[in-house]
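Please look over the structure below with the notes that come after it beside you. Each note takes up one part of the chain and can be read by itself.

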Amino acid sequence: MRTMARTVNRVLLGLAGLVLLALGGSVLAVGLGAPAPSWWIHHGRHDVLLDHAERTRWRDAGWWWPVVLAVLAVLVLLALWWLVAVLRRHRLTEVLVDTGDGEGAQVRGRALEKVLEAEAAGLDGVTRAHVRLTGRRTAPRARVRLRLEPHADPGTTLQQLSAHALTHARDAAGLAALPAKVRLRGVKHGAERVS
């Protein structure tokens, strides 16, 4: 579902960008002296957005300008809400642990992240580890980023991470599965001198 939402978001952003680019480009072209098409709302470079007749057309209707301002305010609030939703990081705040007695317990997401980071950083060849939990509190997913030393074997490190850190976290939280997306990067180092 997230992939679908991400795709829809990108398509809508692309369409909005194309429309704004086309409108802005055509206004700029007409403003620089290009001939305006017959369907264009303005007819020359010295034409204003709202002339006197358009501004005073609804003066007798006291409802017109408050409605226009309210609609514009709602559009601005919707745009800000969309921006916050796009930029918000989806971090899991708590994980629900099944205690077996029908009650359950909650573990803070950051606490589980820190434990995973500490165990992953202790693996051979790992210089730094960063873990973020996403998903639902009953079905979390882990995003793991590891910085590897030059001598580290990525396959061995990945197997150790899966066999130790992720398995311990999964068992401790009583989860059926803990899927993980792992990114491995090597630490930059200078060339070694061979004599």
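The numbered points below go through strands, helices and single residues in turn.

1. On how to read the model: this is a predicted model, in which local features need pLDDT of at least 70 and side-chain atom pairs count only at pLDDT 80 or more, while totals for chains, interfaces and linings use all residues. Residues are numbered from 1 along each chain as its sequence is written, and side-chain values use heavy atoms, with hydrogens and water left out.

2. On the names of elements: helices (H or I, at least four residues) and strands (E, at least two) are DSSP runs, and they are numbered from the N terminus. Two strands are taken to pair if DSSP finds at least two bridges between them. With that rule, β1 (94–97) and β2 (105–108) run antiparallel and are joined by four bridges, and V97 has A105 as its bridge partner in β2.

3. On the strands that follow: β3 (126–135) runs antiparallel to β4, to which nine bridges join it, and one of the partners in β4 is L148, which is matched with V126. The link between β3 and β4 is a hairpin that passes through four residues. Strand β4 (residues 140–148) is also joined by seven bridges to strand β5 (residues 180–186), and here the two strands run parallel; R143 has K181 as its bridge partner in β5.

4. On the crossover: β4, helix α5 (residues 154–173) and β5 together make a right-handed β-α-β unit. The word right-handed means that, with the strands pointing away from the viewer, the path from the first strand over the helix to the second runs clockwise.

5. On the length of helix α4 (residues 109–121): its 13 residues, at 1.5 Å a residue, should span 18 Å, and this agrees with the end C-alpha atoms, which are 18 Å apart. The expected span is found by multiplying 1.5 Å by one less than the number of residues.

6. On the two sides of α4: which of its residues are buried? They are G109, L112, E113, L116, E117 and A120, where buried means under 20% relative accessible area, exposed means over 50%, and partly exposed lies in between (1.4 Å probe, protein chains only). Seen down the axis of α4, these buried residues fall within an arc of 135°, so they line one face of the helix; the arc is that of the directions from the helix axis to the C-beta atoms. An α-helix has 3.6 residues a turn, so residues three or four places apart point the same way. The face of α4 turned away from the buried side carries the exposed residues K114, V115 and A118, whereas the buried residues pack against β1, β2, β3, β4 and α5, contact being heavy atoms within 4.5 Å.

7. On salt bridges: the term is used for a side-chain nitrogen of Lys or Arg within 4 Å of a carboxyl oxygen of Asp or Glu, and by this rule the count comes to two. One joins K114 to E117, with the closest N and O atoms 3.8 Å apart, and because these residues are three apart in helix α4, they are separated by about one helical turn. K114 counts as exposed at 54% relative accessibility, whereas E117 is buried at 13%. The other joins the side chains of R170 and D171 (3.5 Å, N to O), and R170 counts as partly exposed at 27% relative accessibility.

8. On L92: this residue is found in the loop between α3 (64–87) and β1, and at 8% relative accessibility L92 counts as buried. Although L92 and R137 are 45 residues apart along the chain, their C-alpha atoms are separated by 6.9 Å. Leaving out residues up to four places away in sequence, L92 touches G109, L133, T134, G135, R136, R137 and P140.

9. On W40 and N9: W40 is found in the loop between α1 and α2 (52–56), is buried with a relative accessible area of 9%, and touches L23, S26, V27 and V30, not counting residues up to four places away in sequence. N9 is found in helix α1 (residues 2–31) and is buried with a relative accessible area of 17%; leaving aside neighbours within four places in sequence, N9 is in contact with W82 and V86.
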